Each structure stands twice: as C-alpha cells, then as structure tokens.
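Let's take a walk through a protein chain together. Have the picture ready, and turn it as you read.

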Amino acid sequence: MYWWRYGSKWIVRKISFLISESDILECFQHLVDSTYHKDSILLGSGDDAAVIDTQGRQLVHSVDISKIGVHFHESMRPEDIAYRSITTALSDLAGMCSFPSFISIALTCDIKEISWYEKFSKGIKEALDEFSIDLVGGDVTNGELNISVNVFGYPFKKPILRSGAILGDSIYVTGQLGKAKQGLNDWLNKKDSIYCKDFLRPKPQFQKAKDISDFATSCIDISDGLIKDLGDICKQSNVGAELCYEDIPILNDHKDLTHGDDYELCFTAPSHLDDQIKSQGFFLIGKIIQKLGLLVRKDGCEIKFEKNGWDPFE
C-alpha cells in the first residue's frame, strides 16, 4: 500500500509486486536453520519473535521496520510516527505472551529541521514511559525515512508459539477488528473520529497476553489481518481452522478480517475451558479442525477473500 498525492488529496493506491514478503523471507530461512549456537537459540525465525537462552533466563527478541509511504503517511506528526513504530514492534512480544524490557532504534532520515527530531524523541519517550521500558541504544543515518526497532522482553510464564494449536482447540480473538482500518480512512479524510487513535497510536495487548498465558496453546498478534495470521498458526501447527463469521467481533465488514493493523491477539485454547475464557471477555470465533486450510462461514456459506492479509510487497 502506498500513499500518493492527487491534486490536493492523498489517496491510497495498491501496487502489485511479482513476489511476496514470504517469498523473500524464505530466501533467508536456511541461514536461520543453520546456527552456531543451537544450545542458546531456543526458537529462531518463523514466529512472532525469537527466544534465546541467556544464562537460564529466556530472552524474547524481535525486530520490526516502519517505512514512510508503506507503514505510515508522510504528513503524520513525528510524535505519532515514533510511537507507532515502537508499539507495532512491541506487539510481537505480546504475540508470544511476553512483556517488554528494552529496545533499540535505528533511524534513517533526511529531514533537515532539528525540531522534527525533537518531536520524534518525544514520541519515543511517551512509549518508553507508557510501557516501562528502556532505550539502550541505536543508530542514525541519512536517507528516506525508515525506523527499525529491536524489541527485547521476557515471557509472562513461557513463550506461547504459533505451532501449538491442537485438533479440537477453540479459536479466540481478544478484541474488535477493523478499528485501525476505519481510523486510517477517517484520518485520510480529515475526519476526527474515535478510531483515528487506533491507527495513529496502536496498543500492544500485554495485559491480555498475561491473562491468556496460563491456558493458550498457540498465539499470534493480528498485525497482518486475522485470516493471514491465523493461517500462520494453522500452517505451523499443521492443522486447519473453521470460523463462524457472525461470532467474529468486526467493526464494518469482512474486509476487516484481512486489512490488519489491529494488534489484538488471536489464540487457541482447549475447548473445555470455553466458559472460563469467554467470561474473561475474549471472543470465541471458531475451532481447530483436521482438514488443512482456513474456512470462514457466513449464514452457512463459505466466504471467499480477494486477499488473505497485509503484504508490504502487494
């Protein structure tokens, strides 16, 4: 997705690439599989984050890139760009049922006004204070605006992986989907709505991650869209999923399931815990089945999606 100026308006335009994000990542997978420190690396690439044994304590680490025109609009306030870049990266830790401890930031930027950097640092400080984390270093260089954030944390109990879903498990989401999609649309149209903050200032769901860490069998943060992210759980768990559209808490329509940017959690859990889990405010949306793939039914009929989720190369 890219933003383009058309007269006095900004519009969202999609440009298709011949390759996908997953195609590119696959080119590097063999480098992760072959490691010189197998005893220390408990989990490498393929999940929301890596898990590293640091003298008996599990350190959870992930890195995320936010680029102008792809992940955020160039006219956004520097405070919001900084905050959003950090919190979207932190969400990967929540997807592992882990809490954050410290981060580092690499900033590429060609803006000449020092006031921009002062405002950017204010957004960083707001995120650090809100989530009680430390900035331990970083780097800066000249070029098109690009923020790379390394995040580090520790499991609430143990890391909850994408690969743990079991046949018969129930599938849950932790909150309503589609609010950031609506917020982006409202913000682009200069409409001041309650949803703008869901796009400009997304919140990683650490409290909810802590709440489910006792019973979740698999988990992922919904950053690329429910259909794509749940599909990753199914693929890595070697199972399928069947969802009931009417049970999914969406704001508008079925496109809320593939847009992404929600940063809620999707998780699976044993079905005998359904009453307990629903009483905690989580939404039961389907079940894990044996047949591979992902099926969404609405009024008994299967829904077909034009795409399964967000891809920066689409």
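**A strand, a helix and two cores**

Start at Ile 220, which sits opposite Cys 266 in strand β12. Keep in mind that what you see is a predicted model. Ile 220 belongs to strand β10, residues 218-221, and β10 is joined to β12 by four bridges, with the two strands running antiparallel. Which residues of β10 are buried on each side? Ser 218 and Ile 220 are buried on one side, Cys 219 and Asp 221 on the other, so to speak a strand with both faces covered.

Now zoom out for a moment. The chain has 314 residues, and 49% of them count as buried. Its secondary structure comes to nine helices and 15 strands. Look at the contacts in the chain with a separation of 6 or more: 82% of them are between residues 24 or more positions apart.

Next, find helix α4, residues 114-131. With 18 residues at 1.5 Å each, the helix should span 26 Å, and its end C-alpha atoms are indeed 26 Å apart, so expectation and model agree. Which residues of α4 are buried? They are Trp 116, Phe 120, Gly 123, Ile 124, Ala 127, Leu 128 and Phe 131. Look down the helix axis and these buried residues fall within an arc of 140 degrees, so they line one face of α4. Here's the trick behind that: an α-helix has 3.6 residues a turn, so residues three or four places apart point the same way. On the face turned away from the buried side you'll find the exposed residues Ile 114 and Glu 118. The cover over the buried residues of α4 includes α3 (78-94), β6 (98-108), β7 (134-141), β8 (146-155) and α7 (206-212). Just after the helix comes Ser 132, with a positive phi near 55 degrees.

On to the inside. In soluble globular proteins, nonpolar side chains tend to be buried together. Here the largest nonpolar core has 48 residues, and those with the most contacts inside it are Leu 90, Ile 103, Leu 145, Ile 147, Ile 212 and Phe 267. Among the elements giving two or more residues to this core are α4, β8 and β12, but α3 gives the most, with eight residues. Phe 267 touches, among others, Tyr 172, Ile 212, Phe 215, Cys 219 and Phe 282. Apart from this core lies another, of 23 residues, and one of them is Ile 220, the residue we began with.

Methods. Residues numbered from 1 in each chain as written. Predicted model: local features only at pLDDT ≥ 70, side-chain atom pairs only at ≥ 80, totals over all residues. Heavy atoms only, no water. Buried < 20%, exposed > 50% of the residue type's maximum accessible area, 1.4 Å probe, protein only. Contact = heavy atoms within 4.5 Å. Expected span 1.5 Å × (residues − 1). Arc of directions from axis to C-beta. Core = buried A, V, L, I, M, F, W, Y, C linked by side-chain atoms within 4.5 Å. Pairing = 2+ DSSP bridges.
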